[in-house]
Amino acid sequence: MCYFKRILVVDLTTGEHHFEDIDDEVVRKFVGGYGLGAWYTFTRQKGTRIDPLGPENILSFCPGLLNRTGTSYGGRFMVTAKSPLSGGWGDANCGGRFGPALRSCGLDLLAIHGAAEEPSVIVIDGDEVEIRPAGELWGLDAPETERALEAELGNGVHVCAIGTAGERLVRFAGIVNHGGRIAARSGLGAVMGSKKLKAVVARGKKKTPPSDKKVLTALTKAYNHYTKADTRYDKVNEWLVRKLSKLSPLLRVAPFQVKGEGIQFKHILKQFGTCGLTPMSAEVGDSPVKNWAGSGSHDFPLKTHALHLDGPLVKEREAKPYFCSQCPLGCGGINKCAEGEHAGHKPEYETICALGTNCLVHDIDLIFKLNDRLNHAGVDSITMGAIAAMAFEAWEKGLIGPDQTDGVALEWGSTTALEWLVEKTIAREGIGDILANGIKEASETLGCEECAMHAGGEALPMHDTRYDPTFALAYSSEPTPGRHTIVSQTYVELMGLERKIEGVRAASLPLYRKKSKYDPTGQGTVMALATRYVQVANCLGLCEFGFLTGDAPVLEWTNAATGWEWTMEDLLRTGECIETIRHAYNVREGIRPADFRLPDRVLGRPPLKTGPLKGIEVDVETMQQDFFNHLGWDLETGRPRKDRLEAIGLGFVNEALDDAAATV
Ligand code: SF4
């Protein structure tokens with residue numbers, strides 16, 4: 001059996017802990033990862049409409065179900081809690097090493113209640129659990145904390161820590177492991193800081209044998225041929241990417257436009273990481289430019305700007321590739337650095353665009369520096385970039401003046417201004433103290449709401465909705481708003497879902513290739529089917545790049561690891577349970593679908609006048625209607641239909657929503 005049906009509950013207020021057994025049915029319904037975290041929080045949270053930074057909030061660390069099973073790409077873990085940014089459901093997905101370490105302590109979930117009086121560390125060493133004073137760790141950056149705990153506790157420990165931003169309750173702080181892999185979104189580092197919890201440490205030796213090791217190994221071996229480039233076909237593709245890259249970064253992705261998209265994507269990831277896509281994305285309109293108001297070709301031209309952020313330049317600064325646990329691909333990288341400096345992780349596409357294209361900055365060395373700074377302090381780089389872009393626009397419009405910036409001019413593209421904003425925010429000094437409260441609250445305080453590109457308080461990520469309109473649906477309708485890693489038409493194609501799920505082929509259209517003829521009809525249904533699939537894949541702990549780079553055997557891996565003998569229908573029903581309980585949490589906390597409405601600019605209202613996205617307006621309403629209908633959610637109140645909840649075995653959710661409604 002690859003899981004333990006066992007959770008550890010720690011109460012930081014009382015200093016007590018205990019282990020709980022959970023029913024097999026719970027694991028089958030919510031799998032692991034944030035699915036199990038959502039079930040736990042939904043059923044155990046005391047009261048509703050709680051303060052996300054108060055002791056009632058439950059912070060959970062959740063290994064993916066396939067952690068330590070030997071499944072390739074299956075090493076990711078998740079962190080969950082009520083989000084201080086959206087005021088609703090929060091989760092963040094992370095690679096590195098911590099998930100498998102927690103699983104090796106015999107745990108499917110670590111749930112942390114209450115808040116400590118003094119800075120603390122939770123140490124889980126096998127079955128031993130101790131809450132220790134954080135002592136001199138408070139005030140250290142996350143990787144420094146990790147190194148200090150490793151030195152103190154010896155071999156085999158794995159550490160998840162907050163940096164100084166989490167301590168200062170910067171509301172978009174994340175939680176860091178393995179020198180800079182960060183569970184960045186939803187502001188969960190601030191939740192950890194509010195509990196005065198500096199770090200969680202795990203060390204264990206428990207094994208998690210898959211139900212059918214022979215089948216699981218064969219599946220993994222067969223799938224790995226995509227990433228190990230050990231076939232003639234793969235070598236041809238690898239050669240093609242290299243050759244085309246030399247000609248133009250735009251040609252690098254040309255083979256995406258014919259069959260074999262996933263394989264091509266894999267080679268770009270392997271050679272450059274996600275940053276291999278930046279110039280192409282900026283040029284074609286995928287990357288937001290100038291706070292979503294600009295156009296790549298006009299405001300961030302290829303030769304003078306976008307090519308300064310290209311994959312090969314990032315690669316030049318990389319000392320060696322980085323692999324998360326169980327990963328055969330290694331899209332990450334460890335930076336070359338001056339002697340004595342800490343070698344951090346190289347920046348990802350999202351970071352390069354958030355600090356680059358969106359702020360009109362094209363200094364790759366500065367982006368490396370700030371990426372490292374944000375990883376060390378434990379800050380979500382997507383939100384930091386979105387907030388900086390908001391500040392640049394507010395300055396341009398005269399909504400922020402020099403009296404608020406110590407005289408620093410927040411001019412578009414200013415590297416000095418960008419670095420100043422990052423440092424002020426991490427330190428919560430001056431205007432940084434306002435910005436640290438998140439994009440929504442900061443924009444309200446500064447009176448620049450029109451410049452704030454967010455959904456329900458979560459800053460928007462770096463895929464333009466006018467390039468792939470289905471991202472607009474994901475940003476505004478997923479229980480964690482502003483999330484780019486769940487569904488989109490692009491991902492549906494890369495995952496090959498039309499070959500796996502009935503109904504996807506019929507409704508799927510290559511809409512992002514024909515933007516001017518974009519038709520939203522049926523797209524909401526396709527995205528609802530896709531999200532049901534992706535919910536399970538995420539909760540298994542699979543890296544999205546693993547299942548985006550070809551026909552990943554997600555269902556077959558699940559059955560070989562667990563022995564459940566699921567059909568695709570079973571998998572999709574489980575995905576609906578996970579999606580629905582996350583959504584129901586929001587409903588119970590008083591959030592309505594309209595609370596996640598996207599800014600008009602993001603929907604092309606009015607449309608851009610130049611560039612590749614010229615003239616496009618996104619009809620998110622039609623897609624949202626289909627999406628909510630498919631999942632049985634009311635579009636106005638968000639509430640899931642009673643009969644639908646009963647049909648998928650979530651009758652208890654209905655009762656909880658009734659109880660909450662009666663007490664409001
Ligand atoms: S593909 Fe990249 S992010 Fe995914 S598991 Fe591998 S190294 Fe980590």
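**Figure 1. The second largest cavity of the predicted model draws on two domains.** The lining of this cavity takes at least three residues from each of domain 2 (250-459) and domain 3 (470-663). The coordinates shown here and in the other views belong to a predicted model. The volume of the second largest cavity is about 50 Å³. Its lining consists of Gly-285, Ser-287, Pro-288, Val-289, Gly-294, Ser-295, Gly-296, Asp-464, Arg-466, Leu-608, Pro-612 and Leu-613. Sorted by class, five of these residues are nonpolar, five are polar and two are charged.

**Figure 2. The largest cavity is lined in part by helix 20 and helix 26.** Two cavities of 30 Å³ or more are found in a search of the whole structure, and the largest has a volume of about 80 Å³. Around the largest cavity stand Ser-476, Ser-477, Glu-478, His-583, Asn-586, Val-587, Ile-591, Arg-592, Pro-593, Phe-596 and Phe-628. Helix 20 (470-477) and helix 26 (568-588) each contribute at least two residues to this lining. The largest share, three residues, belongs to helix 26. By class, the lining comprises five nonpolar, four polar and two charged residues.

**Figure 3. Thr-531 is a buried residue of helix 23.** Helix 23 spans residues 523-539 and includes Thr-531. The relative accessible area of Thr-531 is 0%, so this residue counts as buried. With neighbours within four places in sequence left aside, Thr-531 is in contact with Glu-478, Ile-486, Val-487, Glu-579 and Phe-627. Among these partners, Glu-478 is also part of the lining of the largest cavity.

**Figure 4. A network of salt bridges includes Glu-478 and Glu-579.** The linked residues are Asp-91, Glu-478, Arg-483, Glu-579 and Arg-582. Both Glu-478 and Glu-579 are in contact with Thr-531. Across the whole structure, a search finds 43 salt bridges.

**Figure 5. Asp-380 and Arg-185 form a buried salt bridge.** Their side chains meet at 3.2 Å, N to O. The pair links distant parts of the chain, 195 residues apart. Asp-380 is situated in the loop between helix 15 (364-377) and helix 16 (381-396), whereas Arg-185 is situated in the loop between strand 11 (181-183) and helix 6 (188-194). Asp-380 and Arg-185 are both buried.

**Figure 6. A salt bridge joins Glu-419 to Lys-369.** The side chains of Glu-419 and Lys-369 meet at 2.7 Å, N to O. Glu-419 belongs to helix 17 (residues 415-427) and Lys-369 to helix 15, so the salt bridge ties together parts that are 50 residues apart in sequence. Glu-419 has a relative accessible area of 22% and is therefore partly exposed. Lys-369 is likewise classed as partly exposed, at 48% relative accessibility.

**Figure 7. Asp-570 and Arg-573 pair within helix 26.** In this salt bridge, the closest N and O atoms of Asp-570 and Arg-573 are 3.5 Å apart. Both residues lie in helix 26, with a spacing of three residues, about one turn of the helix. Arg-573 is partly exposed because its relative accessible area is 35%. Helix 26 (568-588) also supplies residues to the lining of the largest cavity.

Methods:
Residues are numbered from 1 along each chain as its sequence is written. This is a predicted model: local features need pLDDT of at least 70, side-chain atom pairs count only at pLDDT 80 or more; totals for chains, interfaces and linings use all residues. Side-chain values use heavy atoms; hydrogens and water are left out. On a 1 Å grid over the protein atoms alone, a cavity is a set of points where a 1.4 Å probe fits but cannot get out, and a pocket is an open set with protein on both sides within 12 Å along at least five of seven lines; lining residues have an atom within 4 Å of a point. Grid points are joined across faces, edges and corners, and a volume is the space filled by probe spheres set on the points. Helices (H or I, at least four residues) and strands (E, at least two) are DSSP runs, numbered from the N terminus. Ala, Val, Leu, Ile, Met, Phe, Trp, Tyr, Cys and Pro count as nonpolar, Asp, Glu, Lys and Arg as charged, and the others, Gly among them, as polar. Domain bounds come from an automatic or database domain assignment. Buried means under 20% relative accessible area, exposed over 50%, partly exposed in between (1.4 Å probe, protein chains only). Contact means heavy atoms within 4.5 Å. A salt bridge is a side-chain nitrogen of Lys or Arg within 4 Å of a carboxyl oxygen of Asp or Glu.
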